[in-house]
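Morning, everyone. I have one structure to walk through, and I will keep it brisk.

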Amino acid sequence: MIRYTLKLLISAVIIVVVSEISKRSSLLGGLIASLPLTSMLAILWLYIDTRDAEKVFALSTNILWFVIPSLIFFISLSLLLKKSPLGFYPSFALSALFTMLAYYVFGKVAGV
């Protein structure tokens, strides 16, 4: 239970730190957020919990495959916010929808 609480606290602190830094500098916030912190933490927690390098290898490989379609979210959100009169929430929702579609298509094409 202590390990679970520690995981939760560290993960939450990272999210809060990124959002607070982003208020002052979107460049620095973007840089920190673009780091694969979630993936790094997930890989670290998986290894600490299992000591199984094969599971870490499998997770790392699958993360790599799904990074490509995840870029659709950032591309579409940036374009929609800049060029569309929709506003933030509809642009965010559409970007999430486009990303889900990209994951589906990529998974079918790549056979993942």
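I will go through helix packing, then the aromatic rings, then a few single residues. One caution before that: this is a predicted model.

Let's start with the front of the chain. Helix α1 covers residues 2-24. Helix α2 covers residues 26-34. How do the axes of α1 and α2 cross? They come within 6 Å, at roughly 155°. Anything over 145° counts as roughly antiparallel, so that is the label for α1 and α2. From α1, the contact uses V18, I21, S22 and R24. From α2, it uses S26, L28, G29, I32 and A33. Sorted by class, the α1 and α2 contact has 5 nonpolar residues, 3 polar and 1 charged.

Now the second helix pair. Helix α4 spans residues 53-83, and helix α5 spans residues 88-110. The axes of α4 and α5 approach within 8 Å. Their crossing angle is roughly 155°, which means α4 is roughly antiparallel to α5. The crossing is right-handed.

Who sits in that contact? On the α4 side we have W65, F66, I68, P69, S70, I72, F73, S76, L77, L80 and L81. On the α5 side we have F88, S91, F92, L94, S95, A96, F98, T99, A102, Y103 and F106. What classes do the residues of the α4 and α5 contact divide into? There are 17 nonpolar, 5 polar and no charged. Compare that with the α1 and α2 contact, where 1 charged residue appears.

One residue in there deserves a closer look: S95, in helix α5. Is S95 buried or exposed? Buried, because its relative accessibility is 0%. Leave out residues up to four places away in sequence, and S95 touches F73, S76, L77 and L80. Those four partners are also listed on the α4 side of the helix contact.

Next, the rings. The whole structure holds 6 aromatic pairs. One of them joins F73 and F74. Their centres are 5.3 Å apart, and the planes meet at 85°. That makes the F73 and F74 pair edge-to-face. Burial splits these two neighbours. F73 is buried, because its relative accessibility is 16%. F74 is exposed, because its value is 53%.

Another pair joins F88 and F92. Here the centres are 5.5 Å apart and the planes sit at 35°, so the pair is tilted. F88 and F92 are 4 residues apart in α5, so about one helical turn separates them. Both count as partly exposed: F88 at 43% relative accessibility, F92 at 38%.

Which residues do the ring pairs link into a cluster? F73, F74, F88, Y89 and F92. Of these, F73, F88 and F92 also appear in the contact between α4 and α5.

On to a charged residue. K7 lies in helix α1. Is K7 buried or exposed? Buried, because its relative accessible area is 19%, and the cut-off for buried is under 20%. So the call on K7 is made close to that limit. Setting aside neighbours within four places in sequence, K7 contacts W45 and D49.

Now one for the backbone people. Most residues other than glycine have a negative phi. R51 has a positive phi of about 55°, and it is not a glycine. Where does R51 sit? In the loop between α3, residues 37-50, and α4. R51 also counts as exposed, because its relative accessibility is 58%.

Last stop: S34, in helix α2. S34 is exposed, because its relative accessibility is 53%. Two distances place S34 in the fold, both C-alpha to C-alpha. I63 is 29 residues from S34 along the chain, at 14 Å. L44 is 10 residues from S34 in sequence, at 18 Å. L44 belongs to helix α3, and it is partly exposed, because its relative accessibility is 42%.

To recap. Two helix pairs are roughly antiparallel: α1 with α2, and α4 with α5. S95 is buried in the sense of 0% relative accessibility. R51 carries the positive phi. That's my walk-through, thanks.

Note on methods:
Residues numbered from 1 in each chain as written. Predicted model: local features only at pLDDT ≥ 70, side-chain atom pairs only at ≥ 80, totals over all residues. Heavy atoms only, no water. Buried < 20%, exposed > 50% of the residue type's maximum accessible area, 1.4 Å probe, protein only. Phe/Tyr/Trp six-rings, centres within 6.5 Å; stacked < 30°, edge-to-face > 60°. Axes fitted to C-alpha atoms, helices over the stretch in contact; angles between N-to-C directions. Parallel < 35°, antiparallel > 145°, perpendicular 65-115°, else oblique. Left-handed = near helix turned anticlockwise from the far one by under 90°. Contact = heavy atoms within 4.5 Å. Nonpolar A, V, L, I, M, F, W, Y, C, P; charged D, E, K, R; others polar.
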